[in-house]
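Work through the exercises below with the sequence and the model open side by side. Each task is followed by a solution in steps.

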Amino acid sequence: MPSLTKEVMKRLDRGATIGIIGGGQLGQMMALSARYMGFHTVVLDPTPGCPAAGACNQQVIADYDDKEAIRSIAQMSDILTYEFENVDADALDSVRDIVRIPQGTDLLRVTQNRVAEKTFINNHGIETARWQEVSSFAQLEKAVEVIGLPAVLKTAEGGYDGHGQKVLRTADDVQSVHEQWGENFEQSVLEGFVNFEYEASILVSGNGSEYVTFPVVKNNHVNNILHTTVAPAYGSYPSALDEQVNKQAHELARTLAAGFELAGTLAIELFVCADGRVIVNELAPRPHNSGHYTIEACDFDQFDMHVLGIAGWSLPQPKLLSPAVMINVLGQHVEPVFKASALHPNWHVHDYGKAQSKHNRKMGHITVLGDDTQELLTEFKNSGCWE
Ligand code: AMP
């Protein structure tokens, strides 16, 4: 496991420049928070007019892994951050003599690789699904004997939204891995299938030494893509079991944040079991889609907290001002959503301004506030924007 080489946090002055690698919706919302707090922003993204471009003061137009471009944005910035985890950590390390990287690069290295990530989580006494590292069919067969079926095979690197994953239910499914991947394949993990009651997540933000958590939220995925988030996870009357889940989630979030000496926002995806066990599925070293509800529903949102954290400012404990439901707007939902939104003035519609709409591409999201989250879900279901 890499040692966590973090730099000493320094407080960033207003008017300083924050460089953001990646100009999608997360970069856009980070830049908006940075902007109203008085920071300048520059984004690195290959697409002219990317979602973050309009929110940032400047854009460097180049690929994310273009080393020259990373050097340019480093020279233009006082600190660097990123909106996604698949950034070249070596390239970032190579510019640490000219720019500060408050999150460090070990956080990236750990969260880029499922083996490193699960090892880090387990070494902090936190439960994941049972797992084994495999990179050959012979190792996979042995791992299946230990872990049993059903199980989930995931590539260690590069997967997202269910890409690079196979659910293995039968011996035939295991055999089909040999047909598709051959005898030796890229580093992967075999995970036991978790019969979770629901999926949840929690955000934690840090400034290198203080850590604050957001409420636990419940997430529903469709085709492995986040569909809806309900905040808080338990409605107005949490049971004793809910309280137990809540406590575990907040504790593990603080433990992981302290383990990383976290600066900025970290998202932790969870499986919650019927008996109240909380299992970590995966980590994202950045604000997260399941935290978009915080923009309207909390006094300080996940992007504010990310910026305050990487800027080394003191962090307020965020408060949930109202229960909320967030629903993603994918390419196929854009037309019905914009028609329906005229009839629903209570909807907070966010349009990321992406030039091209595609099936399953995240184009925006909607947040609705209200005490009865079940009622809000029914409102969405009846609006024609649900599927
Ligand atoms: P991931 O890319 O690891 O977040 O996985 C995508 C989705 O697949 C998760 O949100 C779950 O719905 C499902 N999934 C992943 N791993 C497991 C597991 N070990 N057991 C059950 N479901 C899983």
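**Exercise 1: the ligand site**

Task: find which backbone atom the ligand contacts through a nitrogen atom, then describe the rest of the site.

Solution. A nitrogen atom of the ligand lies 2.8 Å from a polar backbone atom of V194; a polar contact here is a pair of N or O atoms within 3.5 Å, and within protein one must be able to donate a hydrogen and the other to accept it, with residues adjacent in sequence counting only if both atoms are side-chain atoms. This is a predicted model, in which local features need pLDDT of at least 70 and side-chain atom pairs count only at pLDDT 80 or more, while totals for chains, interfaces and linings use all residues. Residues are numbered from 1 along each chain as its sequence is written, and side-chain values use heavy atoms, with hydrogens and water left out.

Next, take the side chains. An N or O atom of the K154 side chain is 2.8 Å from an oxygen atom of the ligand. For N281, the distance from a side-chain N or O atom to a ligand oxygen atom is 3.0 Å. Then consider cover: the ligand alone exposes 480 Å², and the protein buries 92% of that (Shrake-Rupley method, 1.4 Å probe; for residues, only the protein chains shown count as cover).

Last, sort the shell (residues with a heavy atom within 4 Å of the ligand). Its residues divide into 5 nonpolar, 6 polar and 6 charged; Ala, Val, Leu, Ile, Met, Phe, Trp, Tyr, Cys and Pro count as nonpolar, Asp, Glu, Lys and Arg as charged, and the others, Gly among them, as polar.

**Exercise 2: domains and the sheet**

Task: state which domains each give at least three residues to the shell around the ligand.

Solution. They are domain 2 (130-192) and domain 3 (196-383), with bounds from an automatic or database domain assignment. Their centres, taken over C-alpha atoms, are 30 Å apart.

Task: give the strand order of the open sheet of 4 strands.

Solution. The order is β5-β8-β6-β7, with antiparallel pairing. Strands are DSSP runs of E, at least two residues, and helices runs of H or I, at least four, numbered from the N terminus; two strands pair if DSSP finds at least two bridges between them. At the edges, β5 (131-136) and β7 (165-168) each pair on one side only. Between β6 and β8 there are 5 bridges, and A151 has G192 in β8 as its bridge partner.

**Exercise 3: cis peptide bonds**

Task: locate the loop that holds P150 and describe the bond before this residue.

Solution. P150 sits in the loop between α6 (137-147) and β6. The peptide bond from L149 to P150 is cis, with omega near 0°.
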